[in-house]
Amino acid sequence: ADTRQISTTKTTYTSMKRQISALLFVLFALALQAQTNLSGRTYHHPDIMAEGMKAYEKDLEKKMAEVVGQEIAKAENKKGAPLSADEKAQIKAKQDEAIKFSLAVMKATKTAMTATFKSDTELVMQADITLDEDALKAAGLGWAQRKALKAAISLTPSTQKMSYTTKDNLVFCNDGSERDTLALSDDGKYLYGEFEEGKTFKLT
C-alpha cells in the first residue's frame, strides 16, 4: 500500500511539474507576444528636428570649415600667393553668415512625425512639415524663396505605408523599395529610428 501511495504521489508530482512547465511556456509566449504585437499602437513626436538641432549645427559647422578651406585654396591659386589674414577672415565671415542663415531656416521648419501600427503587419509613417512664416522672414527669405520652399515641401510625400515584422525589440520595415529598421525601448514606450546617417529620432 505504501509503495502504491508513493508511486501515485510521484506520478501526481511529475504531472504537476509538466503542467507548471506548460503554464510557464504559455505565459512566456503571451508575454513575448504582448511585447512584439504592436497593432493599435501610435508613437509620435511634435518636432523630430528640434532634438537633433545641435547635431545638425556641429555637422554644418564641420562642412562649412571644409568649404572655407576649399575657398581659401581656390583664392590663393587664383591670386598666385597666400592670402592675408584679413582676406581669410572675409571668406570665413561669409561662410559664418551662410551657417546662420541655414540654421535659421531649419529652426523655422517644424517636422512632426507619427508612426501608427495599423495591424500586426502594416505600419504607416506620417510626417507633417510646417513653416514659421515670421521666422523665415526674419532669416531673410523673400516672398519668392518662401513660396519655393513651400512648393518643395508640398511635393514631399507625407505618408508612407510599410509592411513590418518584429524580432525582440527590433521592427523591420519594408515599403516595397526600401528597408528600414526601428527599435523599441524595453518598456515599449519609445520607438527609435534614423532619418539620416548619425541622425536619430525618438517617438513616444
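**Salt bridges and pockets: how the calls are made**

Modeller: In this predicted model, arginine 146 and glutamate 133 meet through their side chains in a salt bridge (2.9 Å, N to O). Residues are numbered from 1 along each chain as its sequence is written, and side-chain values use heavy atoms, with hydrogens and water left out. Local features need pLDDT of at least 70 and side-chain atom pairs count only at pLDDT 80 or more, while totals for chains, interfaces and linings use all residues.

Colleague: Why is the contact of arginine 146 and glutamate 133 called a salt bridge?

Modeller: The term requires a side-chain nitrogen of Lys or Arg within 4 Å of a carboxyl oxygen of Asp or Glu. The N to O value for arginine 146 and glutamate 133 is 2.9 Å, so the pair qualifies.

Colleague: What does the pair of arginine 146 and glutamate 133 tie together?

Modeller: Arginine 146 lies in helix α6 and glutamate 133 in helix α5 (residues 133-139), so parts 13 residues apart in sequence are tied together. Helices here are DSSP runs (H or I, at least four residues), and strands are runs of E, at least two residues, both numbered from the N terminus. Salt bridges with shared partners join Glu133, Arg146 and Lys150 into one network.

Colleague: Why is arginine 146 called buried?

Modeller: Buried means under 20% relative accessible area, exposed over 50%, and partly exposed in between (1.4 Å probe, protein chains only). Arginine 146 has 12%, so it is buried. Glutamate 133 has 25%, so it is partly exposed.

Colleague: How do you know that lysine 92 forms a salt bridge with aspartate 96?

Modeller: The closest N and O atoms of lysine 92 and aspartate 96 are 3.2 Å apart. Both residues lie in helix α4, four residues apart, about one turn of the helix. Lysine 92, at 45% relative accessible area, is partly exposed, and aspartate 96, at 30%, is also partly exposed.

Colleague: What makes a space the largest pocket's kind of feature, a pocket and not a cavity?

Modeller: On a 1 Å grid over the protein atoms alone, a cavity is a set of points where a 1.4 Å probe fits but cannot get out, whereas a pocket is an open set with protein on both sides within 12 Å along at least five of seven lines. Lining residues have an atom within 4 Å of a point. The largest pocket holds about 750 Å³, a volume being the space filled by probe spheres set on grid points joined across faces, edges and corners. Its lining has 25 residues, and Met113, Met125, Ala127, Gln160 and Phe195 are the closest to its centre.
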